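Here are some short exercises, each with a solution worked out step by step. Try each task before you read on.

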Amino acid sequence: MLSLLRPLRASLRTRTAIARRPEVKNLTFVSNNGGVGKFGLGLLLMSGQITKMISSFIGDNKLFEKLYLTGKISLELTPQGTLTERCRAGGAGIPAFYTPSGAGTAIQTGDIPIKWNEDGKTIDIPGRGREGRVFGGREFIMEEAIVGDFALVRVWKADAYGNCVFRYSAQNFAGAMARSAKITIVEAEEIVEVGSIDPNHVHLPGIYVHRVVQATTEKQIEIMYVNLGIGMPMLAPAFLKAGTVVHIQSENGILGMGPYPTADEVDADITNAGKETVILVPGAATFDSAESFAMIRGGKIDVSMLGAMQVSARGDLANYMIPGKVVKGMGGAMDLVSNPDSTKIVVVMDHLAKGGKHKILESCDLPLTGVRCVSQIITDLCVFNIDRKAGKLILAELQPGVTIEQVTAATGARFEVSAGLKTVEY
């Protein structure tokens with residue numbers, strides 16, 4: 001099954017292309033409706049390529065209605081606001097949520113069949129009931145998030161980094177759906193130069209976009225998105241090779257954060273997470289903290305680099321508290337390490353703590369920030385890779401002039417030595 005998210009103004013060109021390939025079948029579409037006739041998704045309903053719809057409205061689409069009532073297609077009816085929120089939650093890395101919409105109705109009890117048999121009288125797939133809970137004296141039901149394989153989105157303007165602008169009400173479902181797909185393809189009425197879209201006017205940041213299409217031209221977005229913690233991680237950009245395009249994300253609401261400003265560039269409203277003034281690079285986008293942490297939890301960030309007090313051999317991280325002595329607070333760190341299968345977590349730190357105490361241990365004895373989340377450790381002595389599933393610490397690189405014996409003495413955990421052990425190159 002291939003699931004596709006489609007807002008109200010999805011790409012006609014994309015739908016037509018799918019219809020021309022009849023071998024592409026068993027599609028699940030998430031859309032408010034099924035279009036009408038040969039418009040919207042009507043084209044694909046007519047070709048028989050859709051096997052399931054998750055929608056809120058059938059309306060005047062007689063073909064859609066007939067296909068459902070005769071068991072030719074599955075339909076999961078969902079209240080419109082809930083449909084939007086299910087997509088938004090999927091993009092934000094939230095698996096489920098509670099809503100009052102549909103509580104006490106057939107939505108909660110599951111009395112609306114998902115699929116009829118061809119006789120139109122007996123049920124093939126029964127409806128899906130929802131769990132109910134009471135909050136503040138009101139009944140709520142739990143709805144699960146939606147994550148699609150692809151999102152097909154129409155935008156007004158897009159730049160080469162994928163930053164998009166919608167026009168008036170054309171945004172509708174598009175923003176939520178674009179954020180909740182593994183691959184998002186946008187068809188832009190106009191593709192503009194990087195830097196020509198004001199960061200304040202970006203509706204859909206490029207971190208969510210993988211393809212930009214205009215007419216017969218397709219542009220693939222190839223940018224690495226990195227979040228850098230305060231301290232040592234902020235030094236990482238200095239080691240990038242010339243020509244490498246990396247957009248730095250700051251959890252206070254910046255995608256495309258640049259270096260510190262000159263005296264003439266200082267703007268008190270453009271700061272990093274540490275409240276230091278910075279500048280924005282061409283193609284940057286700004287947004288609120290809710291959006292920022294949604295893209296973090298949703299696994300849209302490629303790499304997150306943080307400091308640490310302790311890291312275990314299996315990838316556990318402790319970096320916000322020494323009980324009774326130091327309380328820094330976790331800040332955004334727990335969010336940043338919450339999706340390690342999608343976001344590579346790299347710890348950058350001194351190998352030893354003050355007094356020569358080990359920071360890399362078999363198991364952390366400080367309160368954890370995340371469990372089995374760290375994939376790599378970079379220190380002043382070496383680079384360790386961590387096999388999180390196997391719980392193995394692997395020595396991959398040595399800093400110039402450092403020996404394995406020195407690393408062994410400074411490490412409080414057992415480790416393997418990579419067969420391809422090499423020296424770090426600068």
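## Exercise 1: Cysteines

Task: Is Cys-164 buried or exposed?

Solution. Cys-164 has a relative accessibility of 0%, so it counts as buried (buried means under 20% relative accessible area, exposed over 50%, partly exposed in between, with a 1.4 Å probe and protein chains only).

A note before going on: this is a predicted model, where local features need pLDDT of at least 70 and side-chain atom pairs count only at pLDDT 80 or more, while totals for chains, interfaces and linings use all residues. Residues are numbered from 1 along each chain as its sequence is written, and side-chain values use heavy atoms, with hydrogens and water left out.

Task: How many disulfides does a search of the whole structure find?

Solution. Step one is the cut-off: a disulfide is a pair of cysteine sulfur atoms within 2.5 Å. Step two is the search, which turns up zero disulfides in the whole structure. For Cys-164, which is in no disulfide, the nearest cysteine sulfur belongs to Cys-87 and is 17 Å away. Step three is Cys-373: its closest cysteine sulfur is in Cys-364, and at 9.0 Å that is too far for a bond. Cys-373 is buried too, because its relative accessible area is 1%.

## Exercise 2: Helix H4 and the loop before it

Task: Which span should the twelve residues of helix H4 have, at 1.5 Å a residue?

Solution. Start with the rule: the expected span of a helix is 1.5 Å times one less than its number of residues. H4 runs over residues 80–91, so its twelve residues should span 16 Å. Now check the model: the end C-alpha atoms of H4 are 17 Å apart, which agrees. (Helices, H or I with at least four residues, and strands, E with at least two, are DSSP runs numbered from the N terminus.)

Next, look at what is covered. The buried residues in H4 include Thr-82, Leu-83, Arg-86 and Cys-87. After H4 comes Gly-93, whose phi is positive, near 75°.

Task: Where is Thr-78, and what does it touch?

Solution. Thr-78 sits in the loop between strand S4 (74–77) and H4. Its relative accessibility is 3%, so Thr-78 counts as buried. Leaving out residues up to four places away in sequence, Thr-78 touches Ile-54, Ser-55, Ser-56, Leu-83, Arg-86 and Arg-130 (contact means heavy atoms within 4.5 Å). Take Ser-55: Thr-78 and Ser-55 are 23 residues apart along the chain, with 5.8 Å between their C-alpha atoms.

## Exercise 3: Positive phi

Task: What is the sign of phi in Asn-172?

Solution. Begin with the usual case: most residues other than glycine have a negative phi. Asn-172 is not a glycine, yet its phi is positive, about 20°. You'll find Asn-172 in the loop between strand S11 (164–165) and helix H6 (174–179). Asn-172 is partly exposed, because its relative accessible area is 32%.

Now try Arg-372. Its phi is also a positive value, near 45°, in a residue other than glycine. Arg-372 lies in the loop between strand S25 (360–361) and strand S26 (374–378). With a relative accessible area of 30%, Arg-372 is partly exposed.

## Exercise 4: Two strand residues

Task: Which strand holds Ser-304, and which residues is it in contact with?

Solution. Ser-304 lies in strand S19, residues 303–306. Its relative accessible area is 0%, so Ser-304 is buried. Setting aside neighbours within four places in sequence, the contacts of Ser-304 include Asn-227, Leu-336 and Thr-343.

Task: Which residues does Ile-191 touch?

Solution. First place it: Ile-191 is in strand S12, residues 181–192. At 30% relative accessibility, Ile-191 counts as partly exposed. Not counting residues up to four places away in sequence, Ile-191 touches Ala-158, Val-212 and Gln-214.

## Exercise 5: The whole protein

Task: How many helices and strands are there in the protein?

Solution. The protein has nine helices and 29 strands. Of its 426 residues, 47% count as buried. The C-alpha atoms fill a box of roughly 75 × 50 × 45 Å, taken along the principal axes. Finally, take contacts between residues at least 6 apart in sequence: 65% of these join residues at least 24 apart.
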